[in-house]
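Here is a short set of exercises to work through with the model open in your viewer. Try each task yourself before you read its solution.

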Amino acid sequence: MVRNPESSSKTSKSSRCGTVEFRAWPWLDTERAKQEMPDPARQLRLLVQCQPHGDSMVKVGVNGFGRIGRLVTRAAFNSGKVDIVVINDPFIDLNYMVYMFQYDSTHGKFNGIVKAENGKLVINGKSITTFRDQDPANIKWGNAGAEYVVESTGVFTTMEKAWAHLKGRAKKVIISTPSADTPMFVMGANHEKYDNSLKIVSNASCTTNCLAPLAKKTVDGPSGKLWHDGHGAAQKIIPASTRAAKAVGKVIPELTRKITGIAFHFPTPNMSVVNLTCHLEKAAKYDDIKKVVNNTHSSTFDAVAGIALNNHFVKLISWYDNEFGYSNRVMDLMVHMTSKK
């Protein structure tokens, strides 16, 4: 899958799979791409190496096996960057875990073997411990070998609530949603400001992961329950509130109180788009802006779709996969945090 170029490279020790590194750069010239494509035998060998190697990677527990929990797990097995050792979900039994992980209406069937065996979830031959605890303080993360916990229930999103995971001997917690009081980090925007003394962090939201890198390159320096949210999403475009703009201010302090926004629910199961309209203090030609905005899986800048009224007023469009793209950034953040030990 495509990854943030600021968080991965062809020589990265955290990813030993040449074919995955090759796919991380889809904008390479076609002829050059053909020359760099490994031969079939080497490609097969590299793909086999992409399976997690537990002794050399951070061991991760997932709390909440919903959309993000399952896709973070998929991303881990696709990339070989982190080692999933335990999954906790009080509402999904083991057999249903197998079914939900293997079949995804949006992202398709998992390209591997998934089964329940001896009370564990087995993915591509790797056994994963499963728990069904509703109170995070009771989850024995340490006993299962988990060092980091991905908090993806959407419930334990504050520092106080997420701290309960540390009682089970987890070392770090990554919240997969914006947090009211927890430091937020976005790969490609402010990840370099992470300090190893932090035990609980937030990966912000999928929209913030799209908007923040875009805003950083071009700008100087839970939703309320509304009645129209109940309308049929398959038939309507519904306006909604968003916390992404506020979260960007936390990720990039220079933009605090300088950015706002609204959201629309579109009749599509996946993918979303950010429309960034901004007044630039320093003049910049649109062609110059196009040169500095990175193309990443979490924020794919659409240079053709954007427009510039003049050198001070521009509208930028960026697309993002709000599920799998975001899940890959959660994983990349964990890898970055591990590198700071």
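**Exercise 1.** In this predicted model, find the loop that holds Ser298, decide whether Ser298 is buried or exposed, and list what Ser298 touches beyond four places in sequence.

*Solution.*
- Step 1: Start with the strands on either side. Ser298 sits in the loop that joins strand S12 (295–296) to strand S13 (299–301).
- Step 2: Turn to accessibility. The relative accessibility of Ser298 is 4%, and buried means under 20%, so Ser298 counts as buried.
- Step 3: Collect the contacts, skipping residues up to four places away in sequence. Ser298 then touches Asn209, Cys210, Trp319, Tyr320, Gly325 and Arg329.
- Step 4: Add a distance. From C-alpha to C-alpha, Ser298 and Tyr326 are 6.4 Å apart in space, while 28 residues separate them in sequence.

**Exercise 2.** Locate the residue that UniProt lists as "active site", and describe its surroundings.

*Solution.*
- Step 1: Look up the record. The UniProt entry, which is unreviewed, lists Cys206 under this heading.
- Step 2: Place the residue. Cys206 belongs to helix H8, which spans residues 206–218.
- Step 3: Classify its exposure. Cys206 has a relative accessibility of 22%; the partly exposed class runs between 20% and 50%, so partly exposed is the right label for Cys206.
- Step 4: List its partners. With neighbours within four places in sequence left aside, Cys206 is in contact with Tyr320, Asn322 and Tyr326.
- Step 5: Check these partners against the record. Asn322 is among the residues covered by the UniProt annotation "binding site", again from the unreviewed entry.

**Exercise 3.** Compare the settings of Arg67 and Asp89, two of the residues under the UniProt annotation "binding site".

*Solution.*
- Step 1: Read the annotation. In the unreviewed entry it covers Arg67, Ile68, Asp89, Ser176 and Asn322.
- Step 2: Assign the elements. Arg67 is part of helix H4, whereas Asp89 lies in the loop between strand S2 (83–88) and H5.
- Step 3: Work out the exposure. Arg67, at 32% relative accessibility, counts as partly exposed, and Asp89, at 7%, counts as buried.
- Step 4: List the contacts, once more without residues up to four places away in sequence. Arg67 touches Asp104, Thr106, His107 and Glu323. Asp89 touches Gly64, Phe65, Gly66, Met97, Phe131 and Arg132.

**Exercise 4.** How do the axes of H4 and H5 cross, and which residues make the contact?

*Solution.*
- Step 1: Take the geometry. The axes of H4 (residues 67–79) and H5 (residues 94–102) come within 10 Å, with a crossing angle of roughly 70 degrees.
- Step 2: Name the arrangement. That angle makes H4 roughly perpendicular to H5, and the crossing is right-handed.
- Step 3: Find the residues. H4 contributes Arg70, Thr73 and Arg74, and H5 contributes Met100, Phe101 and Gln102.
- Step 4: Sort them by class. This contact of H4 with H5 has 2 nonpolar, 2 polar and 2 charged residues.

**Exercise 5.** Repeat the analysis for H4 and H11.

*Solution.*
- Step 1: Again take the geometry. The axes of H4 and H11 (residues 324–339) come within 8 Å and cross at roughly 65 degrees.
- Step 2: Name the arrangement. H4 and H11 are therefore roughly perpendicular, and H4 passes H11 in a right-handed crossing.
- Step 3: Find the residues. From H4 come Ile68, Leu71, Val72, Arg74, Ala75, Ala76, Asn78 and Ser79; from H11 come Phe324, Tyr326, Ser327, Asn328, Val330 and Met331.
- Step 4: Sort them by class. The contact of H4 with H11 has 9 nonpolar, 4 polar and 1 charged residues.

**Exercise 6.** What sign does phi have at Asn118 and at Asn124, and where do these residues lie?

*Solution.*
- Step 1: Recall the usual case. Most residues other than glycine have a negative phi.
- Step 2: Read the two angles. Phi is positive at Asn118, about 55 degrees, and positive at Asn124, about 50 degrees.
- Step 3: Place them. Asn118 is in the loop between strand S3 (114–117) and strand S4 (120–123), and Asn124 is in the loop between S4 and strand S5 (126–131).
- Step 4: Finish with exposure. Asn118 counts as exposed at 76% relative accessibility, while Asn124 is partly exposed at 31%.

Key. Residues numbered from 1 in each chain as written. Predicted model: local features only at pLDDT ≥ 70, side-chain atom pairs only at ≥ 80, totals over all residues. Heavy atoms only, no water. UniProt positions renumbered as here; feature names shortened; annotations may be inferred. Helix = DSSP H or I, 4+ residues; strand = E, 2+ residues; numbered from the N terminus. Buried < 20%, exposed > 50% of the residue type's maximum accessible area, 1.4 Å probe, protein only. Contact = heavy atoms within 4.5 Å. Axes fitted to C-alpha atoms, helices over the stretch in contact; angles between N-to-C directions. Parallel < 35°, antiparallel > 145°, perpendicular 65-115°, else oblique. Left-handed = near helix turned anticlockwise from the far one by under 90°. Nonpolar A, V, L, I, M, F, W, Y, C, P; charged D, E, K, R; others polar.
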